Amino acid sequence: MPQSFWYVQQTGRTFGPYSDADLRKMVASGRLRPDDRVRRRGYSEWTPVGELNLKPNSGDAKRQGKPAKAASTQSVAEDKSAKPATQQRQAAPPAEPRLTFRQRLLPALVISNVICFGVLLAVGTYVAVSGNSGSEAEAADDVRQVKNDKPAAPQVSTFDRDIQPLLKKYCLDCHNDKKHKAGLSLEKFRDADDVFKARKTWELVIKMVNTHEMPPEDEEALPTADERLLLTDWARATLDNIDCDGPVNPGRVTIRRLNRVEYRNTIRDLVGIDYEPTEQFPADDVGYGYDNIGDVLSISPLLMEKYLAAAEDITERVFEGRLQQVISEAGVKYDGADLRAPNGGGPSNGEMRLHSNGEAYALHDVKQAGEYVIRFQAWGERGGGGWPRMALRVDNRTVREVEVDTTSRKPKTFEIKVKLDKGRRRIGAAFTNDFYDPRYRNRAERDRNLTVSHIHIAGPTDLPKRAPKGEVVNADVSPYDRLMVAFPGAPGKGELSPEEAAQQILKPFATRAFRRPVTPKELERLVALVGLVMDQGDPFDRGIQLAMQGVLASPHFLFRIEQDRQPDDPKHPEAGYTIGDFELATRLSYFIYSSMPDQELFDLAARGELRKNGNLEKQVRRMLADPRGQALVDNFGGQWLQTRNLATVEPDPKHFKWDEKLRAAMERETLMLFGSVMRDDASVLRFLDADYTFVNARLAQHYGMKDVQGLDGDDKFVRVSLKGTPRRGVLTHGSVLTITSDPNRTSPVKRGKWVLEQVLGTPPPPAPPNVPPLEEEEDGKPLKGTLRQRMIAHQVRPDCVSCHERMDPIGFAFEHFDAVGRFREKDNGDPIDSTGKLMDGRAFKDAGELISLFVKSDKGLYVRNLSEQMLTYALGRGLEYYDQCAVDKIVGQVAAGDNRFSALVLAIVNSDPFQKRTGKDVPHE
């Protein structure tokens with residue numbers, strides 16, 4: 001059931017928006033007086049609080065103050081059934097949208113700009129409420145009927161009466177069909193339905209009006225603060241007026257490239273090699289706080305080159321040793337004409353003829369160190385009474401010198417065995433005794449020359465023998481043996497042809513790599529690569545290696561591609577269609593494992609049973625308990641709590657002792673707490689109020705924890721109780737406290753802002769431009785007093801005070817923790833004051849009491865924000881206005897599941913955005 005949202009006027013300032021339950025509690029607590037006025041979102045009239053009858057659990061059906069249906073060009077009395085579907089959308093009360101993440105952001109932006117008029121005081125949605133426990137029953141409570149249950153309904157804002165006059169007065173002179181400034185015309189909008197369909201345009205309008213970019217400040221007529229609020233409020237309500245009882249758009253994810261972590265994990269699970277691409281691949285871009293967002297995971301020519309090189313490197317590691325043993329049998333041959341002879345030679349009839357002292361050589365890439373056999377085939381022309389001499393060289397070092405005492409009719413082969421290190425080696429044959437005398441008595445011997453026919457390199461010869469030809473090897477032996485499940489001529493099954501053997505190898509490999517069954521045409525192309533390689537004289541293994549490189553460089557491996565098809569319901573294409581089992585398995589696996597589906601998921605998807613018989617829930621629970629589930633901890637937890645930012649933090653060494661061991665320990669502490677909540681399937685509220693943590697010796701010393709049992713060096717972490725200490729949950733972890741500080745001191749502003757954004761999902765508006773930094777000195781001398789005392793002067797600026805009133809009390813609560821998370825009693829020699837009040841009057845004395853307030857009264861905001869954050873990560877896209885219905889369901893299911901971690905994950909996995917997808921032709925504006 002939708003709820004209303006309200007703005008409050010008190011002492012000449014406007015606060016809000018508040019939910020129905022919030023307003024009811026504020027009146028009950030006396031924080032609102034009878035003469036204070038309230039206005040329901042989407043309405044234009046203000047009503048004194050004293051005229052409201054606050055009746056709990058009255059429900060929408062009994063609400064006497066429910067407004068008439070909105071109308072712009074049609075009468076409000078017109079029968080709903082006679083209206084087009086789009087106008088029925090407008091008929092829904094715009095004053096009662098759900099509170100979405102976008103709606104929570106909007107008031108902050110509105111407030112930030114109206115401050116410039118000195119009218120509004122920015123009040124955080126979260127700090128302005130004392131209730132909002134998150135339960136669905138309380139969320140459905142409304143501020144109910146007007147006195148005596150028979151008041152006139154408040155007047156709802158309409159496009160014709162309220163919005164169009166504002167557009168004509170302030171906008172249409174520039175943004176009309178003729179001038180079309182900035183490519184925008186607002187003249188075409190005639191009613192709310194036109195606005196709803198042009199979402200992108202009106203999102204921009206809201207933003208420009210909120211930030212005071214429009215109308216420009218040099219215009220003669222500028223809207224008042226109330227007019228700006230009326231326009232943006234109405235537009236927001238119109239755009240967010242979604243009916244969750246009908247078909248809801250599940251959204252559409254941009255085709256997603258694997259990010260670096262996903263690529264590494266997928267290679268590990270597919271091939272069996274831990275390949276670290278961090279040094280080779282460019283850093284992944286971040287969107288909506290996460291690095292797995294499809295919209296920002298682009299691919300550049302440079303990255304494509306890196307992918308090709310990685311595919312070659314990975315397959316070489318797979319075949320290393322095994323493939324070299326094949327080479328030791330067939331060898332690598334460099335024909336004489338292909339050798340290099342920069343001095344004293346040139347090609348002749350496919351050979352290299354050295355007519356003066358010089359060297360013919362090849363640059364050979366040695367893939368694996370070992371003993372090699374090098375064979376030089378050559379012949380000579382006598383001169384001056386003797387045969388030519390040839391030095392056999394490796395890296396300019398002569399290994400052996402021979403006399404080439406044979407002619408072109410019978411070339412001679414000379415062999416050496418030599419140890420070669422891995423890398424590029426220079427293998428050469430040098431002519432060392434040139435002779436030329438045109439007057440020599442024997443005309444046939446006046447010119448001595450050496451001709452090198454070819455150089456042949458085989459090895460290494462000192463490796464273990466490969467499994468017998470045709471034997472299917474144990475999948476656990478090595479990556480090579482796991483992948484090479486067939487060979488040409490396999491005994492006991494008839495003689496397998498190279499094509500048949502290639503199919504048996506490449507079909508399962510490509511299916512797992514593409515995360516779906518490989519098509520016959522795709523398999524045919526891969527097998528053809530094997531045949532092409534073998535036709536050129538290379539072994540079967542080399543052909544498989546090349547085909548696997550093709551798979552690893554394919555878009556079907558590098559991208560998570562979901563096939564488009566027609567929506568299930570043609571009458572409601574925006575409702576999309578249910579994705580297939582292989583696509584669902586892929587979404588689930590990359591959500592929890594940050595990797596490809598494992599065999600159990602593949603098998604269920606292949607049988608079409610992933611959604612049947614409770615299998616999906618069983619798989620989620622199995623995966624959360626699997627060690628690979630640590631990926632959810634590292635990649636979601638590390639980005640939601642921003643502990644990854646520790647990598648770039650550098651506290652001032654003049655003030656703090658800081659080293660890499662402490663940095664690593666802080667990050668691991670937070671991730672271990674996250675992991676314990678996940679493994680124990682505890683309440684997600686434990687992130688905030690856990691009375692235990694994990695420390696190693698370095699971190700225990702940093703925190704001043706004495707007599708901790710079980711510590712043994714920096715590698716071992718133990719669980720310790722925090723009872724009786726000032727620490728509770730992640731908000732008092734060194735990681736969070738350090739990333740929200742400046743290099744040389746704490747930052748209450750950063751800490752307060754972090755809590756508002758990452759914990760409660762109620763970010764403050766952007767800071768106004770040209771805000772001066774906090775003064776640290778006066779007349780060249782450090783200012784005295786605590787940081788809190790020194791910030792008072794900074795807060796009195798009209799364009800700063802409202803935001804600081806939201807952030808600073810939260811930040812000051814943590815002032816007992818210094819910039820690297822150590823507890824302290826004094827700052828700059830003076831006692832620290834960590835007391836404070838939130839905007840709704842709730843008081844606290846320190847961080848512990850503030851955290852208790854969050855857990856008791858603001859858990860609804862916290863759980864909703866965590867749900868939105870995890871849904872964003874799971875989907876790989878930012879949330880849109882139509883996702884509010886899904887978020888509402890998720891929050892309700894989490895509450896019904898006692899806020900357990902598994903309840904959150906299962907609610908997300910079972911949600912429409914995770915299970916479905918809209919077609920490509922469905923408009924999303």
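A cavity here is a set of grid points where a 1.4 Å probe fits but cannot get out. In this predicted model, a search of the whole structure turns up seven such spaces of 30 Å³ or more. The second largest cavity holds about 80 Å³ of space. Its lining is made up of Leu166, Leu167, Tyr170, Cys171, Val209, Met214, Pro215, Pro223, Glu227, Arg228 and Leu231. Sorted by class, that comes to nine nonpolar residues and two charged ones, with no polar residue in the lining. Two helices, α5 (159-170) and α8 (225-239), each put at least two residues into the lining of this cavity.

Turning to the strands, β9, β14, β11 and β12 line up in that order as an open sheet of four strands, with antiparallel pairing. At the edges sit β9 (358-366) and β12 (397-403), each pairing on one side only. On average, neighbouring strands of the sheet are turned by 20° against each other, direction ignored. Within the sheet, β11 (residues 389-394) pairs with β12 over six bridges in the antiparallel sense, and arginine 389 stands opposite glutamate 403 of β12.

Helix α17 covers residues 581-592, so to speak a 12-residue stretch, and spans 16 Å from its first C-alpha to its last, close to the 16 Å expected at 1.5 Å a residue. Because 11 of its 12 residues are buried, α17 is largely enclosed by the rest of the structure. Among the buried residues are Asp581, Glu583 and Arg587, along with Leu584, Leu588, Tyr590 and Phe591. Just after α17, serine 594 adopts a positive phi of about 55°.

Note on methods:
Residues are numbered from 1 along each chain as its sequence is written. This is a predicted model: local features need pLDDT of at least 70, side-chain atom pairs count only at pLDDT 80 or more; totals for chains, interfaces and linings use all residues. Side-chain values use heavy atoms; hydrogens and water are left out. The expected span of a helix is 1.5 Å times one less than its number of residues. Buried means under 20% relative accessible area, exposed over 50%, partly exposed in between (1.4 Å probe, protein chains only). On a 1 Å grid over the protein atoms alone, a cavity is a set of points where a 1.4 Å probe fits but cannot get out, and a pocket is an open set with protein on both sides within 12 Å along at least five of seven lines; lining residues have an atom within 4 Å of a point. Grid points are joined across faces, edges and corners, and a volume is the space filled by probe spheres set on the points. Ala, Val, Leu, Ile, Met, Phe, Trp, Tyr, Cys and Pro count as nonpolar, Asp, Glu, Lys and Arg as charged, and the others, Gly among them, as polar. Two strands pair if DSSP finds at least two bridges between them. Axes are lines fitted to C-alpha atoms, for helices over the stretch in contact, and angles run from 0 to 180 degrees between N-to-C directions.
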